[in-house]
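Me: I would like a close look at a single part of this protein, with the cut-offs behind each term spelled out. Please take one element and the ring pairs as the focus, and set them in the context of the whole chain.

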Amino acid sequence: MYRTILLFGAPGSGKGTQGKILGAIPGFFHCACGDVFRNLRIDDPLGKVFVEYSSRGLLVPDEPTINLWSKNIQSKTMDGQFHPERDTLILDGIPRNVRQAEMLKDTLDVKAVINLTSTQKSQMVERLQRRALRENRLDDANLEVIKKRLETYERDTRPVLAYYGPKLVHDVDSSPSPLHVLRDILDITVKLG
């Protein structure tokens with residue numbers, strides 16, 4: 001089982017930013033499921049599935065998501081980027097629903113769920129649109145797709161927090177600067193030992 005910290009939050013809450021920062025700290029390995037999908041080639045059958053769903057703001061079906069993630073983690077382990085015996089896995093973007101959490105229960109030893117929250121929906125939308133321009137991410141450029149992604153998060157992903165329960169879930173306000181958010185996340189992770 002992989003010792004794991006899950007980064008959770010609605011699209012635009014800063015999971016990717018915080019994951020990248022944490023992944024740069026020795027003893028942590030960051031894996032963003034969305035990046036794994038975006039790195040697929042468009043002529044790959046799974047790449048086509050990803051584009052089909054993400055362009056509409058929908059989640060990719062569970063089995064292909066879990067299979068792709070598993071293959072990616074195995075590859076990162078084999079090439080020496082991820083050392084499961086000593087690294088804590090920082091995951092963002094997976095599990096995206098309760099079924100995926102169930103599918104991963106024998107793989108992930110979840111030590112904490114960092115739930116990045118924000119009451120400023122406009123800030124999250126602005127972050128997504130800036131990212132769309134900076135990273136050429138079409139799934140973040142369209143306001144209708146963003147709206148659909150936020151609805152999908154509320155309906156499908158937010159229930160995962162209840163699955164893990166209040167002992168593991170730690171709410172962190174993602175509205176302040178990334179540095180302040182990082183401080184709050186580090187306060188939680190330091191206590192995990």
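Reply: What follows begins with the whole chain, then turns to one helix and to the aromatic rings.

This is a predicted model, in which local features need pLDDT of at least 70 and side-chain atom pairs count only at pLDDT 80 or more, while totals for chains, interfaces and linings use all residues. Residues are numbered from 1 along each chain as its sequence is written, and side-chain values use heavy atoms, with hydrogens and water left out.

The protein chain has 9 helices and 5 strands, where helices (H or I, at least four residues) and strands (E, at least two) are DSSP runs numbered from the N terminus. Along the sequence these elements follow the pattern β-α-β-α-α-α-β-α-β-α-α-α-β-α. Of the 193 residues in the protein chain, 48% are buried, a term that stands for under 20% relative accessible area, with exposed meaning over 50% and partly exposed in between (1.4 Å probe, protein chains only). Among contacts (heavy atoms within 4.5 Å), those in the protein chain with a separation of 6 or more are 76% between residues 24 or more positions apart.

Helix 1 spans residues 15-23, and its buried residues are Lys15, Gln18, Gly19 and Leu22. They cover an arc of only 100 degrees around the axis, and therefore lie on the same side of helix 1; the arc is that of the directions from the helix axis to the C-beta atoms. An α-helix has 3.6 residues a turn, so residues three or four places apart point the same way. The buried residues of helix 1 pack against strand 1 (2-9), strand 2 (28-32), strand 3 (88-92), strand 4 (108-117) and helix 9 (178-191).

Turning to the rings, those of Phe, Tyr and Trp (its six-membered ring) pair if their centres lie within 6.5 Å, and planes under 30 degrees apart count as stacked, over 60 as edge-to-face and the rest as tilted. By this rule there are 4 aromatic pairs. The ring centres of Tyr2 and Trp69 are 6.4 Å apart and their planes stand at 75 degrees, so this pair is edge-to-face. The pair links distant parts of the chain, since Tyr2 belongs to strand 1 and Trp69 to helix 4 (residues 62-78), 67 residues apart. Trp69 is buried, with a relative accessible area of 1%. Tyr163 and Tyr164 also form an edge-to-face pair, at 5.0 Å centre to centre and 90 degrees between the planes; Tyr163 is partly exposed at 28% relative accessible area, whereas Tyr164 counts as buried at 15%. Finally, ring pairs link Tyr2, Phe29, Trp69 and Phe82 into a cluster.
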